[in-house]
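Thanks for coming, everyone. Please look at the structure on the screen while I talk.

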Amino acid sequence: SFYYGTFPAGFLWGVGSSAYQTEGAWDKDGKGPSIWDAFTHKKGKVFRNETGDSTCDGYYKVKDDIQLLKELKVNHYLLSISWPRIMPTGIKAEQLNEKGIQFYNDTINSLLENNITPIVSLYHWDLPQVLQEKYGGWQNISMINYFNDYANLCFEKFGDRVKHWITFSNPWAVAEKGYETGEHAPGLKLGGCGAYKAAHHIIKTHAKVWHSYNNTWRREQRGMVGISLTSGWGEPVDPHSQTDRDAAERYIQFHLGWFANPIYRGDYPEVMKNYVGRKSAQQGLGTSRLPTFSVQEKTYIKGTSDFLGIGHFTTRYVLQKNFPFLQASSYHTDRDLAELVDPNWPAPGPKWLYSVPWGFRRLLNFIKTQYGNPLIYVTENGVSETVQCPQLCDEWRIQYLKGYINEILKALNDGVNVKGYTAWSLLDKFEWNKGFSERFGLYHIDFKNKNKPRYPKASVDYYKKIISANGFPNPREVENWHRKAMDTCSATHQHLAADSLITHMEMVTEIVLPTVFTLCILISIVLLIFYLRNHS
């Protein structure tokens, strides 16, 4: 049932985005190529062969986008730094890009001038391409030192003003989609080993960066360093069945626990070690495909997070499913489970993202119990639409945000230590291998218009009301927000329709006029030749 009430005083409200998805300017002002530049420039990797080459043009529209943040009245903005924009090859000793450093300095300063706190992620998937080509990216242990150099440069250049750092955003996707299935850059299909190896190096890198901050920068800068882990919730199909309960536990441990357990408890979850170890032995391998941490590494990694960032989008029902011994091993078959959905769950956008608010409260309580009730910031939560025509009256997003934010309020009453919420995302943007076919933004962007104008969806008005009320005060007021938000979006829709018509006419003019002009010249030449022939 819906719970009316308000969040504690000082609860932080924000929105987020990432560098590759929004900045564009992929090769401008000294930026080096990233693995996503290389990946999207290959045909067949992304829906409709779309790229993030220009995407939202965020590199040129910082002031415009900060104006949107001011309209929303958010406390914080979660952004990521593009490693190759400030360090083109990824190697500090080789080259620094002062224009890139200046861009982030200007962005951070503009945010602070407008009383918006920057929460900065050091890595949202855009590894410098040179490091992928030279060393194999996250398959190589040398990434630890290269990334640590990059992180220290960021602390040095921006740490006097940035007090919330995220080392990695959703490393699960980096490992699983980048090195197991190959759906994401760098597009490697190293089944059964690649994801585990990449994750192992990422966890060690995270710990090294945390220690660097702790030893060198913390006393002077007084900031916090955490990690942002994205995970769904797994609910047993039959809560009375021990095998289904165990399968649901494995679902979470192989997803969230894979990264959170080493950081909070010092090692991989026991169930991961057991299952991957057993399946590796069945294959005749001498050692487990899941790497191991030494005793020293366990001690070094444990406790390396000042806060836990949590990304969460959806839930699955889970049941036991045995995958027989297979020569072709994979992360997915290692888990011995199947995922199901309830056909009654709303799925407004893509078929992976069902709206199941109650799963969020359960996930937050799981974190409280498993990891000693850490300080949590929700770093990503939102829903997308897949409809190609503009959808400004996004009723489903309003219902999604209302439901999921309300579950955080319930979790707070359960004693979970959540300090902030970040709606994902500020803008419609490039959605990785889905291109522009999925739209997560509170603001719609007309990508066909070369100016990339932003238009508020109804959810902007609704989220703004949640922020100003710091929650859900009473039924009448909350119902009123909904009505006003839907009224506002109708007017914006008319404005967008008029702008789209003008854009279309401009495009037609740009194409038709030169064509007609060229035809006129050609006809004139033909007539002139014909005339001269007749009179010669």
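I will go through the empty spaces, the backbone, the salt bridges and one surface patch.

One caution before we start. This is a predicted model.

Let's begin with empty space. Rolling a probe the size of a water molecule over the atoms shows where empty space is left. How many cavities of 30 Å³ or more does the structure hold? There are 4. The largest cavity has about 220 Å³ of space. Its lining is made up of 20 residues. Find Ser17, Thr22, Gly58, Tyr77 and Thr107 on your screens; of the lining, these lie nearest the centre. Four elements each give two or more residues to that lining: helix H1 (19–22), helix H3 (62–72), strand E3 (76–80) and helix H5 (98–113). What is the lining like by class? It has 12 nonpolar residues, 6 polar and 2 charged.

Next, the open spaces. The largest pocket comes to about 830 Å³. It is lined by 32 residues, with Asn170, Trp172, Ala173, Lys177 and Trp352 closest to its centre. Two elements give two or more residues to this lining, namely H8 and helix H10 (242–265). Which element gives the largest share? That is H8, with 4 residues. By class, this pocket's lining has 9 nonpolar, 13 polar and 10 charged residues. Keep the cavity in mind here: its lining had 12 nonpolar and 2 charged residues.

Now the backbone. Most residues other than glycine have a negative phi, and most peptide bonds are trans. Here are some exceptions to look up.

Start with cis peptide bonds. The bond from Ala185 to Pro186 is cis, and its omega is near 5 degrees. Where does Pro186 sit? Look in the loop between helix H8 (171–179) and helix H9 (194–221). There is also a cis bond between Trp424 and Ser425, with omega about 10 degrees. Note that this one leads into a serine, Ser425. Ser425 is in the loop between strand E12 (418–424) and strand E13 (443–445).

Then positive phi. Asp57 is not a glycine, yet its phi is positive, near 55 degrees. You will find Asp57 in the loop between helix H2 (35–40) and H3. Is Asp57 buried or exposed? Its relative accessibility is 15%, so Asp57 counts as buried. Asp336 also has a positive phi, near 50 degrees. Asp336 lies in the loop between helix H13 (331–334) and strand E10 (337–340). Asp336 counts as buried because its relative accessible area is 4%.

Hold on to Asp336, as we will meet that residue again among the salt bridges.

On to charge pairs. Side chains of opposite charge can pair when their charged atoms come close. How many salt bridges does the count come to? The count is 31. I will pick out three pairs and one network.

First pair: Asp37 and Lys31. Their side chains meet at 2.9 Å, N to O. Asp37 has 1% relative accessibility, so Asp37 is buried. Lys31 is buried too, because its relative accessible area is 11%.

Second pair: Lys204 and Glu297. Their closest N and O atoms are 2.9 Å apart. The two residues are 93 residues apart, with Lys204 in helix H9 and Glu297 in helix H12 (residues 295–301), so distant parts of the chain are linked. Lys204 is buried because its relative accessibility is 14%. Glu297 is at 23%, so Glu297 counts as partly exposed.

Third pair: Arg278 and Asp336. The N to O distance is 3.9 Å. This pair also links distant parts of the chain, 58 residues apart: Arg278 is in helix H11 (residues 270–282), and Asp336 is in the loop between H13 and E10. Arg278 has a relative accessible area of 38%, so Arg278 is partly exposed. Its partner Asp336, at 4%, counts as buried.

Now the network. Salt bridges with shared partners join six residues: Glu385, Asp394, Arg397, Asp428, Arg439 and Lys457.

Last, the surface. Phe517, Leu519, Ile521, Leu522, Ile523, Ile525, Leu527 and Ile529 form a nonpolar patch there. Together they have about 770 Å² of accessible area. Take Ile525 from that patch. Ile525 lies in helix H17 (residues 475–534). Ile525 counts as partly exposed because its relative accessibility is 42%.

Technical notes. Residues are numbered from 1 along each chain as its sequence is written. This is a predicted model: local features need pLDDT of at least 70, side-chain atom pairs count only at pLDDT 80 or more; totals for chains, interfaces and linings use all residues. Side-chain values use heavy atoms; hydrogens and water are left out. Patches are made of residues with over 30% relative accessible area and no salt bridge: like charges are joined within 9 Å, nonpolar side chains (Val, Leu, Ile, Met, Phe, Trp, Tyr) within 5 Å. Accessible areas come from the Shrake-Rupley method with a 1.4 Å probe; for residues, only the protein chains shown count as cover. A salt bridge is a side-chain nitrogen of Lys or Arg within 4 Å of a carboxyl oxygen of Asp or Glu. Buried means under 20% relative accessible area, exposed over 50%, partly exposed in between (1.4 Å probe, protein chains only). On a 1 Å grid over the protein atoms alone, a cavity is a set of points where a 1.4 Å probe fits but cannot get out, and a pocket is an open set with protein on both sides within 12 Å along at least five of seven lines; lining residues have an atom within 4 Å of a point. Grid points are joined across faces, edges and corners, and a volume is the space filled by probe spheres set on the points. Ala, Val, Leu, Ile, Met, Phe, Trp, Tyr, Cys and Pro count as nonpolar, Asp, Glu, Lys and Arg as charged, and the others, Gly among them, as polar.
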